[in-house]
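Subject: Structure for you to look at

Hi,

Here is the structure I promised to pass on. Have it open while you read, and turn it around as you go.

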Amino acid sequence: MPKRSNKLEAVEGLDVDGNTNRWLTVAYQPVSLFSLKRSDATSMAARSNLVPTPYAIKMALLKVLLESQGKQHSNHFEQWIENQFTWIRGLKIYILPPERLVVNRNGYKLRYYDQTADKADKSRPTIPMQDGFVFREWVYLQGHLQICCGESLKGNRSGENRLAELEQLFTQINYFGKRGCFFQYLPQYKQETPEPSFQINPTSGFTVQPMDDLGEKTTFNRINPFSTEKAQLDRDRIIKPGFLPLQLMASSIRYDFYQRY
């Protein structure tokens, strides 16, 4: 007779602990203007994403993870961060924008450091500081920003349910995008469900936004700014078109007004 296995096997829809809730939905209240430069923008002229992208959300999770737990694992940091980065990288994220958005366009004149001064021909004079005109967008969000994320059984080979750990990290996040773009976590709207609590239906109307995300094979050192390894576009950072349930209601030279379907 075949020997009986002592290992628990994962059943479709269940993890090894018999838990069916594998998706976490959290909500945030914007408390300041939001701005997140699009990946295809230049440093002088930058349009903003309408909502945080999966890449920005995962980087925010990594930030609070390192700040809260990194020092406790200093003796075996490489092994610990590789394990943590793997499951954060594999998260599937859906984003539901607030009910209304207003994109404000702004132009600024400023003085900035001439980055070509150090590489310029030493025989000619250089100007360390120079005048320039920059274009930026700031987004006013009215309502709650909802984020639904989870990991399917196919992507989670260990069968671990990390919803509790994931929720703890989300409670520590206080901004997305640029520093100063603050959000308030709303614990009363937290949900744990066996399926995503919402998914975007493109057939009912949508607005396209480029959504960048971590590549499936990227490593922590590739996105670590203190590492000598460099991230490559379309391999370590993937940009795909994303569909947001937003309708453009009004537009002018100064603003765009969107309303959620």
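Below is what I found, going from the whole chain down to single residues.

First, keep in mind that this is a predicted model. The mean pLDDT of the protein chain is 85, and 82% of its residues reach 70 or more. Strand β6 has the highest confidence, with a mean of 98, while the lowest is in strand β3, residues 100-113, at a mean of 86. The stretch to watch is residues 1-18, where pLDDT stays under 50. The model has 14 contacts beyond four places in sequence for that stretch. Where pLDDT is low, the predicted coordinates should not be read in detail.

Now the overall picture. The protein chain has four helices and 11 strands. Of its 261 residues, 38% are buried. Its accessible surface is about 16,100 Å², and carbon and sulfur atoms account for 51% of that. What about contacts along the chain? Taking those between residues at least 6 apart in sequence, 77% join residues at least 24 apart.

Next, some buried spots to click on.

Which residues does P97 touch? Not counting residues up to four places away in sequence, they are V51, H144, L145, P245, L246 and R260. You will find P97 in the loop between β2 (92-96) and β3. It counts as buried because its relative accessibility is 0%, and the cut-off for buried is under 20%. V51 is 46 residues away from P97 in sequence, yet their C-alpha atoms are 6.5 Å apart in space.

L186 sits in another loop, the one between β6 (183-185) and β7 (191-193). With 11% relative accessibility, L186 is buried too. If you skip the neighbours within four places in sequence, L186 is in contact with A27, Y28, Q29 and H144. So H144 is a residue that touches both L186 and P97. L145, which also touches P97, has its C-alpha atom 9.9 Å from that of L186, with their places 41 residues apart along the chain.

S48 belongs to the loop between β1 (23-30) and α1 (54-69). Is S48 buried or exposed? It is buried, because its relative accessibility is 8%. A polar atom of the S48 side chain lies 3.0 Å from the backbone nitrogen of L36. L36 also appears among the residues S48 touches outside its sequence neighbourhood of four places, along with F34, S35, R38, E137 and V139.

Two residues from that list, R38 and E137, come back in the salt bridges. How many salt bridges does a search of the whole structure find? It finds 14. Here are some of them:

- R38 pairs with D40, with the closest N and O atoms 2.8 Å apart. R38 is partly exposed at 22% relative accessibility, whereas D40 is exposed at 54%.
- K63 and E67 meet through their side chains at 2.9 Å, N to O. Both lie in helix α1, four residues apart, which is about one turn of the helix. K63 is partly exposed, at 31%, and E67 is exposed, at 57%.
- R162 pairs with E165, and their closest N and O atoms are 3.2 Å apart. R162 counts as buried at 14% relative accessibility, while E165 is partly exposed at 24%.
- E137 is part of a network of salt bridges that also links R47, R105 and D256.

Last, have a look at the outside. Which residues form a nonpolar patch on the surface? They are F206, V208 and F243, with about 260 Å² of accessible area together. F206 is in the loop between β7 and β8 (207-214). Its relative accessibility is 36%, which is why F206 counts as partly exposed.

If you want a place to start, try P97, which is buried at 0% relative accessibility, and then compare F206, which is partly exposed at 36%.

Cheers

Methods: Residues are numbered from 1 along each chain as its sequence is written. This is a predicted model: local features need pLDDT of at least 70, side-chain atom pairs count only at pLDDT 80 or more; totals for chains, interfaces and linings use all residues. Side-chain values use heavy atoms; hydrogens and water are left out. Helices (H or I, at least four residues) and strands (E, at least two) are DSSP runs, numbered from the N terminus. Buried means under 20% relative accessible area, exposed over 50%, partly exposed in between (1.4 Å probe, protein chains only). Contact means heavy atoms within 4.5 Å. pLDDT is the predictor's confidence in each residue, from 0 to 100. Patches are made of residues with over 30% relative accessible area and no salt bridge: like charges are joined within 9 Å, nonpolar side chains (Val, Leu, Ile, Met, Phe, Trp, Tyr) within 5 Å. Accessible areas come from the Shrake-Rupley method with a 1.4 Å probe; for residues, only the protein chains shown count as cover. A salt bridge is a side-chain nitrogen of Lys or Arg within 4 Å of a carboxyl oxygen of Asp or Glu. A polar contact is a pair of N or O atoms within 3.5 Å; within protein, one must be able to donate a hydrogen and the other to accept it, and residues adjacent in sequence count only if both atoms are side-chain atoms.
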